[in-house]
Amino acid sequence: MPPARHSGGMGRRGGAQPWAFVPPLLLLLGLAAPGGSYRPVIVVHGLFDSPADFRHLLAFINESHPGTNVTVIDLFDGGESLKPLWVQVEGFRRAVTPIMANAAAGVHLLCYSQGGLICRALLSTMPEHNVHSFISLSAPQMGQYGDTRYLRWLFPRHLAANLYRLCYTRRGQGVSVCNYWNDPHHRQLYLNSSDFLPLLNDERRNPNASAWKRNLLRIQNLVLIGGPDDGVITPWQSSLFGFYDANETVRDMRSQPVYVQDTFGLKTLDGRGAIGGCAVPGVPHTAWHSNRSVYAACIRPWLT
């Protein structure tokens, strides 16, 4: 899935143009009365975010798709987003289940940054989900590795080269970021000590792997969005299922063992033409959900 060079565009939607709650657990931000012509949209935020960060996205959807019911999950906001990802997955599962149950034609799942991994785990572990399009917005789908200002702020005593000493411990696995820290120089430690991403990718023996793959394949579309100027997701191609090899050379999605072996369904989705999205330059990480061009070219076409 080579990324388009201009403003992105891959998959069967064609070329892209320039360019991404229910009481008290959720604050429902309904944009119109029920019965509109568009499927409901569920939004899952990223690390340190809250529903307030998505006001621009909500406005864009309201303008282009009036009548759409949009729910931004108000859960694990701010510092709570550092909790282990399996804990968050369970909480989000309880939150989205009633929304899905009330959507006979299915829903769209739009998930940003760390939320993209939470959503993939939701899709894998929910046998009866009815997600039509899963839109992964600048999410580290193949993990995270590399020094960024964000990382130095979060782990001031650790650089990328030695963060494995913390992340691949029981204590480290209690922090969400460590659940998807993927150090290409300590592959066995990652496989043996990380409690989340190796299981989700079926890189480590997982008795639920067949069922999880079957569940994920219920989606109609997988939409991957990211770009080279993100500045947080490292390598940025992780948002498109690319990642480093042992020499820190980035290999694209189709070169990844999880794709070649079709461990969790990527190759199957690609084979049926279900993978689309955008690679967009010039967008920093915190601007994906507030950039009107990103929304217009890379998100709006999938919100049917």
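Helix H12 is a good way into this predicted model. What covers its buried residues includes helix H1 (55-64) and four strands, S4 (107-112), S5 (131-137), S6 (221-226) and S9 (275-279). H12 itself spans residues 292-299, and its buried residues are Val294, Tyr295, Ala297, Cys298 and Ile299. At the N-terminal end of H12, Asn291 acts as the cap, with a side-chain oxygen 2.9 Å from the backbone nitrogen of Ser293.

Of the strands that cover H12, S6 deserves a closer look. Six of the six residues of S6 are buried, so this strand is largely enclosed by the rest of the structure. Asn221, Val223 and Ile225 point one way from the strand, while Leu222, Leu224 and Gly226 point the other way. On one edge comes S5, which runs parallel to S6 and is joined to it by five bridges; here Ser133 stands opposite Asn221. S9 also pairs with S6 in the parallel sense, again over five bridges, and Cys278 of S9 is the bridge partner of Ile225.S2 (41-44) tells a similar story. Val41 and Val43 lie on one side of S2 and Ile42 and Val44 on the other, and all of these residues are buried, which leaves both faces of the strand covered. S2 pairs with strand S3 (residues 69-72) in the parallel sense, over three bridges. Within this pairing, Ile42 has Thr71 of S3 as its bridge partner.

Next come the nonpolar cores. In soluble globular proteins, nonpolar side chains tend to be buried together. The largest nonpolar core here has 61 residues, and Ile73, Phe134 and Leu222 have the most contacts inside it. Helix H2 (residues 85-101) gives the most to this core, contributing seven residues. Another core, of 27 residues, lies apart from it and includes Val41, Phe60, Val223 and Tyr295. S6 thus reaches both cores, with Leu222 in the 61-residue core and Val223 in the 27-residue core; these two residues point opposite ways from the strand. Tyr295, also in the 27-residue core, is one of the buried residues of H12.

As for the aromatic rings, a search of the whole structure finds 10 aromatic pairs. One of them is formed by Trp86 and Trp212, a tilted pair at 5.6 Å centre to centre with 50° between the planes. Trp86 lies in helix H2 and Trp212 in helix H9 (residues 209-216), so the pair ties together parts that are 126 residues apart in sequence. The two partners differ in how much they show: Trp86 is partly exposed, with a relative accessible area of 28%, whereas Trp212 counts as buried at 15% relative accessibility.

Tyr145 and Tyr244 make an edge-to-face pair, at 6.2 Å centre to centre with 90° between the planes. This pair, too, links distant parts of the chain, 99 residues apart: Tyr145 is in the loop between S5 and helix H4 (149-154), and Tyr244 is in strand S7 (residues 243-244). Both tyrosines, Tyr145 and Tyr244, are buried. They do not stand alone, as ring pairs link Tyr145, Trp181, Phe243 and Tyr244 into a cluster. Elsewhere, a ring meets a charge: the charged end of Arg120 sits over the ring of Phe264, 4.5 Å from its centre.

A few spots in the backbone also stand out. Most residues other than glycine have a negative phi, and most peptide bonds are trans. The bond from Thr234 to Pro235, however, is cis, with omega near -10°, and Pro235 has its place in the loop between S6 and S7. Phe48 is not a glycine, yet has a positive phi of about 65°. Phe48 belongs to the loop between S2 and H1 and is partly exposed, with a relative accessible area of 26%. Asp262 likewise has a positive phi, near 50°. The loop that holds Asp262 runs between helix H10 (257-260) and helix H11 (266-271), and with a relative accessible area of 12% Asp262 is buried.

Definitions and conventions
Residues are numbered from 1 along each chain as its sequence is written. This is a predicted model: local features need pLDDT of at least 70, side-chain atom pairs count only at pLDDT 80 or more; totals for chains, interfaces and linings use all residues. Side-chain values use heavy atoms; hydrogens and water are left out. Buried means under 20% relative accessible area, exposed over 50%, partly exposed in between (1.4 Å probe, protein chains only). Contact means heavy atoms within 4.5 Å. A polar contact is a pair of N or O atoms within 3.5 Å; within protein, one must be able to donate a hydrogen and the other to accept it, and residues adjacent in sequence count only if both atoms are side-chain atoms. Two strands pair if DSSP finds at least two bridges between them. A nonpolar core is a set of buried Ala, Val, Leu, Ile, Met, Phe, Trp, Tyr and Cys residues joined through side-chain atoms within 4.5 Å. Rings of Phe, Tyr and Trp (its six-membered ring) pair if their centres lie within 6.5 Å; planes under 30 degrees apart count as stacked, over 60 as edge-to-face and the rest as tilted. A charge sits over a ring if NZ of Lys or CZ of Arg is within 6 Å of the ring centre and within 35 degrees of the ring normal.
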